[in-house]
Amino acid sequence: MKKTLTKFISFVLTLVLLISVSIMPASAATSKYAAKHPIVLVHGLAGFGEYDDINSIIQYWGYTSGSIDSFIESYGNECYEASVGPISSAWDRACELYAQLKGTVTDYGAYHAAVHGHDRYGRDYTSNGYGRLMKKEWNASNPINLVGHSFGGVTSRLLIQLLAEGSAEERDYASANGLEVSPLFTGGKRDWVYSLTTLAAPSNGSTVCEALPSIVNLVGELMTAGSKALSVTSLKGLYDFQLEHFGIVTKSDDTLESLYTRIVNSDFMNHNDNAFADLALDKAIDMNKNLELQDNIYYFSYYGDRTYKTLLGTYKPTARMWAPFQISGRAICNYSGTTAGYYYDGYGAYKTKVTTTKTKANTASWKRNDGMVNVESGQYPFHYENGKRVDDAHTSSYVGVTAKKKGVWYVMPVVDGDHLTFCGGVLNETVSSTHSFYRGVLSNIVNCGG
């Protein structure tokens with residue numbers, strides 16, 4: 001009887017232990033998805049992160065599937081959500097991301113600020129300001145794994161380039177004018193990033209800008225108007241456009257008249273220093289020629305497609321594409337044009353017309369899309385040299401790959417999802433599918449030593 005009772009108790013304890021292991025956070029049960037280095041999530045256009053009050057109401061990283069940040073941390077990871085300008089340019093966002101991670105004052109660069117007609121300095125992320133996003137000092141001894149959704153992928157690539165090479169224009173301008181240059185623009189920090197994972201990133205722009213130019217411009221103007229309205233209310237921190245460097249901010253010495261005059265006269269969209277300008281194909285592809293793959297970083301890319309080919313050979317969005325994306329997704333499917341072959345950069349006296357190689361977006365990979373980003377753009381970047389297309393080094397891969405090479409894009413299989421599938425979906429994605437997807441993202445990072 002005693003032996004039988006002992007066996008029964010042992011059986012019960014074993015069963016309890018097995019159940020506990022299966023339901024406890026994976027960080028305690030296994031290190032399969034635990035990365036060595038911090039993971040930093042970088043949101044896309046119109047997004048937000050940890051510094052924004054709206055993040056406590058609804059999360060960009062986990063809209064309807066629960067916090068992706070918390071899910072990643074449940075495996076023993078250190079994870080952060082950056083908060084960069086929702087409609088700001090890739091350059092401005094990269095500078096803001098650097099400041100948040102380093103814990104310093106945002107410096108957009110004296111040269112960049114002069115050319116684009118805005119203030120040089122922005123938010124203060126020192127201990128006296130918003131405070132540093134990361135717990136530990138960010139440097140070569142404590143590198144990070146960047147995960148960028150949508151325009152966050154472009155932002156991350158530009159940050160990596162600046163960390164590695166800096167900016168010759170900023171260094172020369174500072175030297176010529178007796179100014180200090182931000183450490184971001186001095187380069188020599190190529191070991192500060194271990195890996196980059198892009199999720200539905202418009203690496204070569206999006207033809208939604210070419211297919212629906214009036215709507216894209218209208219959205220930009222409406223969002224700019226929204227930033228102006230919020231900047232003078234107590235709701236500014238709820239959804240923060242971070243456009244103080246363009247004068248869209250309330251200052252302590254403002255009178256009602258000076259505040260009104262400055263904010264109303266701020267013409268953000270005309271500075272050619274915004275996300276909408278950077279997403280047009282001519283500029284996006286031209287930017288790529290200066291965004292080099294770094295041979296010390298692992299690169300992974302995911303892209304989505306929620307379109308189908310009809311019997312007539314055309315492409316259309318599937319019924320599962322999120323309703324607001326049906327319009328943009330259909331426009332991308334129907335677009336077969338050739339780009340203008342130029343774009344404008346700079347502001348005022350610095351405004352210039354930049355000539356580029358024209359791109360004809362008429363192939364199936366330009367038509368297939370996730371509602372916002374073309375398959376052609378989500379896989380890997382390309383640029384032109386002497387009129388000929390040059391693709392970034394890439395290879396087709398699989399989820400959970402043990403990457404052997406650095407400086408090469410490991411392109412994951414196409415995801416049957418729309419643009420928001422990659423950050424928690426909206427209504428049509430499940431919690432389990434979102435969690436399964438991010439376990440795959442983590443496995444890539446962990447398997448390459450990140």
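How many bridges join strand S1 to S2, and do the two strands run parallel or antiparallel? In this predicted model, 3 bridges link S1 (residues 39-42) to S2, and the pair runs parallel. One bridge can be named: Val40 has Tyr80 as its partner in S2.

**The sheet**

S1 and S2 belong to an open sheet of 7 strands. The order is S2-S1-S5-S6-S7-S15-S14, and the pairing is parallel. Strand S2 (79-81) and strand S14 (394-396) form the edges, each pairing on one side only. Between neighbouring strands the turn averages 20 degrees, direction ignored. Helix H6 (residues 151-165) packs on this sheet. H6 touches S1, strand S5 (144-149), strand S6 (193-199), strand S7 (298-302) and strand S15 (409-411). The direction of H6 makes about 145 degrees with that of S5.

Tyr80 also has a spatial relation to Ser70. Their C-alpha atoms are 9.6 Å apart, with the two positions 10 residues apart along the chain counted as separation. Ser70 sits in helix H3 (residues 68-73). Ser70 is partly exposed, because its relative accessible area is 43% and the partly exposed class lies between 20% and 50%.

**Two residues with positive phi**

Ala200 has a positive phi of about 50 degrees, although it is not a glycine. Ala200 lies in the loop between S6 and helix H8 (208-211). At 0% relative accessibility, Ala200 is buried.

Asn386, also not a glycine, has a positive phi of about 55 degrees. Asn386 lies in the loop between strand S12 (382-385) and strand S13 (388-391). Asn386 is exposed, because its relative accessible area of 83% is over 50%.

**The pockets**

| Pocket | Volume | Lining by class |
|---|---|---|
| Largest pocket | about 860 Å³ | 12 nonpolar, 10 polar, 10 charged residues |
| Second largest pocket | about 680 Å³ | 22 nonpolar, 7 polar, no charged residues |

The largest pocket is lined by 32 residues. Closest to its centre are Trp91, Glu169, Met287, Asn290 and Asp345. H6 supplies at least two residues of this lining. So do helix H4 (90-102), helix H5 (110-116), helix H7 (168-176), helix H12 (281-288), strand S10 (342-345) and strand S11 (352-355).

The second largest pocket has 29 lining residues. Leu45, Ala46, Val219, Phe325 and Met372 lie nearest its centre. Here H8, helix H9 (213-231), helix H11 (275-279) and helix H13 (323-334) each supply at least two lining residues.

Note on methods:
Residues are numbered from 1 along each chain as its sequence is written. This is a predicted model: local features need pLDDT of at least 70, side-chain atom pairs count only at pLDDT 80 or more; totals for chains, interfaces and linings use all residues. Side-chain values use heavy atoms; hydrogens and water are left out. Two strands pair if DSSP finds at least two bridges between them. Helices (H or I, at least four residues) and strands (E, at least two) are DSSP runs, numbered from the N terminus. Axes are lines fitted to C-alpha atoms, for helices over the stretch in contact, and angles run from 0 to 180 degrees between N-to-C directions. Contact means heavy atoms within 4.5 Å. Buried means under 20% relative accessible area, exposed over 50%, partly exposed in between (1.4 Å probe, protein chains only). On a 1 Å grid over the protein atoms alone, a cavity is a set of points where a 1.4 Å probe fits but cannot get out, and a pocket is an open set with protein on both sides within 12 Å along at least five of seven lines; lining residues have an atom within 4 Å of a point. Grid points are joined across faces, edges and corners, and a volume is the space filled by probe spheres set on the points. Ala, Val, Leu, Ile, Met, Phe, Trp, Tyr, Cys and Pro count as nonpolar, Asp, Glu, Lys and Arg as charged, and the others, Gly among them, as polar.
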